[in-house]
Amino acid sequence: MSGMNPGMDMATLSALAEPNRMKIVELLRDGPLTVGEIADQLGLRQPQASKHLKVLSDNGIVDVKAEANRRIYKLRPEPFRALDSWVKSFQRAMEERFDNLEDYLRELQNKENT
């Protein structure tokens, strides 16, 4: 995808496109959780939750910390900052287009009024 920010890539979007992974990210938005807590809250088996968490981890979306025999997952801010600035780049482009459209309409009105 051309014009994407470095750090914001298709891997992030495709990792988030899977519904269970998106739900995991939404759960983790409120703070770190263990695999067991994530599995329970989503009604998944622990191996399923672990598989999704591995994809999120491999794509740099979550960090994992081992604590005794538990693995605690938390969101990394970087991919979301990159996603945010990527979305904002579209916002800027759309605002420019609306500004150009306003100018064009004003021009047309001025021509009609002369």
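**A nonpolar patch and a three-stranded sheet**

Let me begin at the surface, where Met-94, Phe-98, Leu-101, Tyr-104, Leu-105 and Leu-108 together make a nonpolar patch of about 560 Å². One of these residues, Phe-98, lies in helix α5, which covers residues 77-113.

Before I go further, I should say that this is a predicted model, with a mean pLDDT of 88 for the protein and with 92% of its residues reaching 70 or more. The exception I would flag is the stretch of residues 1-7, where pLDDT stays under 50 and for which the model has 11 contacts beyond four places in sequence. Where pLDDT is low, the predicted coordinates should not be read in detail, and I will leave that stretch aside.

Now to the sheet, which is open and has three strands in the order β1-β3-β2, with antiparallel pairing. Its edge strands are β1, at 33-34, and β2, at 62-67, each of which pairs on one side only. As for what lies against it, helix α2, residues 19-28, packs on the sheet and touches β1, β2 and β3, while the direction of α2 makes about 85° with that of β3.

Taking the pairings one by one, β2 is joined by six bridges to strand β3, residues 70-75, and the two run antiparallel. Along this pairing, Val-62 stands opposite Leu-75, Val-64 stands opposite Tyr-73, and Ala-66 stands opposite Arg-71, the β3 partner in that last case. The connection between β2 and β3 is a hairpin with two residues between the strands, and in the turn Ala-68 has a positive phi of about 55°.

On the other pairing, β1 and β3 also run antiparallel, and two bridges join them. Which residue of β3 stands opposite Leu-33? That residue is Tyr-73, which we have already met opposite Val-64, so to speak from the β2 side of the pairing.

Technical notes:
Residues are numbered from 1 along each chain as its sequence is written. This is a predicted model: local features need pLDDT of at least 70, side-chain atom pairs count only at pLDDT 80 or more; totals for chains, interfaces and linings use all residues. Side-chain values use heavy atoms; hydrogens and water are left out. Patches are made of residues with over 30% relative accessible area and no salt bridge: like charges are joined within 9 Å, nonpolar side chains (Val, Leu, Ile, Met, Phe, Trp, Tyr) within 5 Å. Accessible areas come from the Shrake-Rupley method with a 1.4 Å probe; for residues, only the protein chains shown count as cover. A salt bridge is a side-chain nitrogen of Lys or Arg within 4 Å of a carboxyl oxygen of Asp or Glu. Helices (H or I, at least four residues) and strands (E, at least two) are DSSP runs, numbered from the N terminus. Two strands pair if DSSP finds at least two bridges between them. Contact means heavy atoms within 4.5 Å. Axes are lines fitted to C-alpha atoms, for helices over the stretch in contact, and angles run from 0 to 180 degrees between N-to-C directions. pLDDT is the predictor's confidence in each residue, from 0 to 100.
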